[in-house]
Amino acid sequence: MAEPNNSLHIFTFLLLLFQLAFSWKVTPPLPILPLPSYSQLKWQQREIIMFLHFGVNTFTDSEWGTGLESPSIFNPTGLNANQWADAAAQAGVSLMILTAKHHDGFCLWPSKYTDHSVIGSPWKNGLGDVVQEFVNAAKARDIDSGLYLSPWDRHDRRYGHVKLYNEYYLAQLQELLNRYGSVREIWFDGAKGSNAPNMTYDFREWFSMVKELQSSINIFSDAGPDVRWVGNEKGYAGSTCWSTINATSLSIGNASTLDYLNTGDPKGTNWLPAECDVSIRTGWFWHKSQAPKRLSELLDIYYKSVGRNCVLLLNVPPNTTGLISESDVLRLKQFRGAINTIFSTNLAENCSVEASSQRGGENGGFGPKNVLDDDHLWSYWAPSEKERENYWIELKPKSGKIKFNVIRIQEAIGLGQRIKKHEIYVDGNRVARGSTVGYKRLHRLEMGVVDGFSVKIKIVKAKGIPLISSIGLHFDPFWKPKGKVISQRVH
């Protein structure tokens with residue numbers, strides 16, 4: 001009997017293992033916690049949302065009402081919520097938030113818990129409902145609705161009586177969230193005058209009720225739980241801005257956490273991205289004496305909010321007629337037109353892409369070309385696990401040079417926020433650097449327009465391996481740096 005050929009058996013076994021190994025699909029890398037919820041991801045992709053401050057202050061030319069105003073002064077004879085929604089739609093806005101009740105306590109809906117509302121107004125003989133008209137107009141244009149119900153109430157006598165007022169507030173929350181259909185964001189703040197009665201809000205109970213009534217809603221406040229305040233009303237995030245933060249370090253109305261809110265925390269255990277609120281005018285309510293901000297100001301805000309991993313909440317207040325002023329409508333159109341002009345063309349699409357390495361090799365599905373497709377969340381470049389540093393991705397125009405003044409980088413935040421520090425080089429010369437990236441980081445070059453044969457993005461520090469979902473090279477014709485040469489070669 002012949003001896004068994006052990007060498008042949010071993011070779012066959014190894015070949016089988018080899019075939020099995022290479023038949024496996026390369027899997028995505030493990031996420032880095034914490035992660036965003038589905039609702040938070042949808043919110044982040046909105047980029048620009050709209051606030052509408054409207055109420056008795058509109059008619060008294062004030063910002064903070066006293067609570068003593070008569071409902072009879074509220075009389076927007078030409079109110080047209082369809083015009084509001086049209087202005088929002090033309091501005092590319094997918095979510096509008098209305099001040100259902102501001103600090104003066106006047107309610108824009110006929111609440112059964114108070115007469116200090118549209119019930120006492122001559123508008124529509126006391127039969128009107130601004131909130132209903134608002135949500136109807138938004139829904140007709142496929143725009144989502146949000147509501148702000150101020151915790152501070154300067155009118156209601158229950159304010160200052162903890163149990164009674166918390167019950168009143170909770171009852172009105174239930175009215176709004178039961179009566180007006182789907183609400184995608186509910187807005188809370190800690191604003192309160194220095195002479196206001198001492199009052200403890202039961203935010204925990206309120207938030208629980210909100211989630212019970214509308215499970216897909218995002219709750220905004222200084223402390224989340226879904227969206228946090230950026231810490232100022234200028235619309236600016238920190239140049240470092242993490243979506244992660246420790247919620248236990250936050251409390252609503254606490255001025256000592258403003259810097260922490262502005263930057264977030266790389267070691268944060270909660271996914272709590274920042275929303276940047278600012279008004280298109282100086283005030284939050286409409287004032288005849290005020291005009292909208294210049295286009296250059298709005299673009300600067302855009303770069304420092306959306307371009308720093310945040311969502312921009314832009315307030316556009318209706319006037320005493322009940323319409324958004326034409327000057328504001330025009331500025332919104334110009335703003336959206338400028339954004340489209342800058343970002344509708346991605347010059348990087350005419351480039352070849354190389355990277356320091358890629359997960360799973362050439363056919364692993366995580367190559368650098370993924371940064372040029374239309375999926376900015378779940379399609380991404382991932383370097384090899386074997387690579388521990390010196391991550392880079394490089395773009396080279398297929399012919400000639402590439403000329404631009406804005407660089408866009410986006411992370412695959414569905415698997416966590418990772419990048420701590422990055423640098424950008426054109427033909428070997430550094431043109432920009434920064435810390436966090438997150439959902440979107442925009443670098444508007446301080447030197448103005450550059451041109452070159454290669455653009456290399458280096459990830460200097462990261463939590464785990466970096467995952468880049470999208471890269472853009474854009475030309476902003478509105479950007480003219482002061483005291484800088486507009487076009488500059490960097491080589």
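In the predicted model, I407 has H443 of strand β17 as its bridge partner. The two strands involved, β14 (residues 406-411) and β17, pair in the antiparallel sense over four bridges, and they belong to an open sheet of three strands whose order is β17-β14-β20, with antiparallel pairing. The edges of this sheet are formed by β17 (441-444) and β20 (468-474), each of which pairs on one side only. When direction is ignored, neighbouring strands of the sheet are turned against each other by 10 degrees on average.

A second element examined was helix α5, which comprises residues 130-140 and in which V130, V131, F134, V135, A137 and A138 are buried. Viewed down the axis of α5, these buried residues fall within an arc of 165 degrees, so they line one face of the helix. An α-helix has 3.6 residues a turn, so residues three or four places apart point the same way. On the other side of α5, by contrast, K139 and A140 are exposed. The packing partners of the buried residues of α5 include both strands and helices, namely β1 (48-52), β2 (95-101) and β3 (144-149) together with α4 (81-90) and α6 (162-179).

Both ends of α5 were also considered. At the N-terminal end, D129 acts as a cap, with a side-chain oxygen that lies 3.1 Å from the backbone nitrogen of V131, a residue that is itself among the buried positions of the helix. After α5 comes D142, for which phi is positive, near 60 degrees.

Methods:
Residues numbered from 1 in each chain as written. Predicted model: local features only at pLDDT ≥ 70, side-chain atom pairs only at ≥ 80, totals over all residues. Heavy atoms only, no water. Buried < 20%, exposed > 50% of the residue type's maximum accessible area, 1.4 Å probe, protein only. Arc of directions from axis to C-beta. Contact = heavy atoms within 4.5 Å. Polar contact = N/O pair within 3.5 Å; in protein donor to acceptor, adjacent residues only side chain to side chain. Pairing = 2+ DSSP bridges. Axes fitted to C-alpha atoms, helices over the stretch in contact; angles between N-to-C directions.
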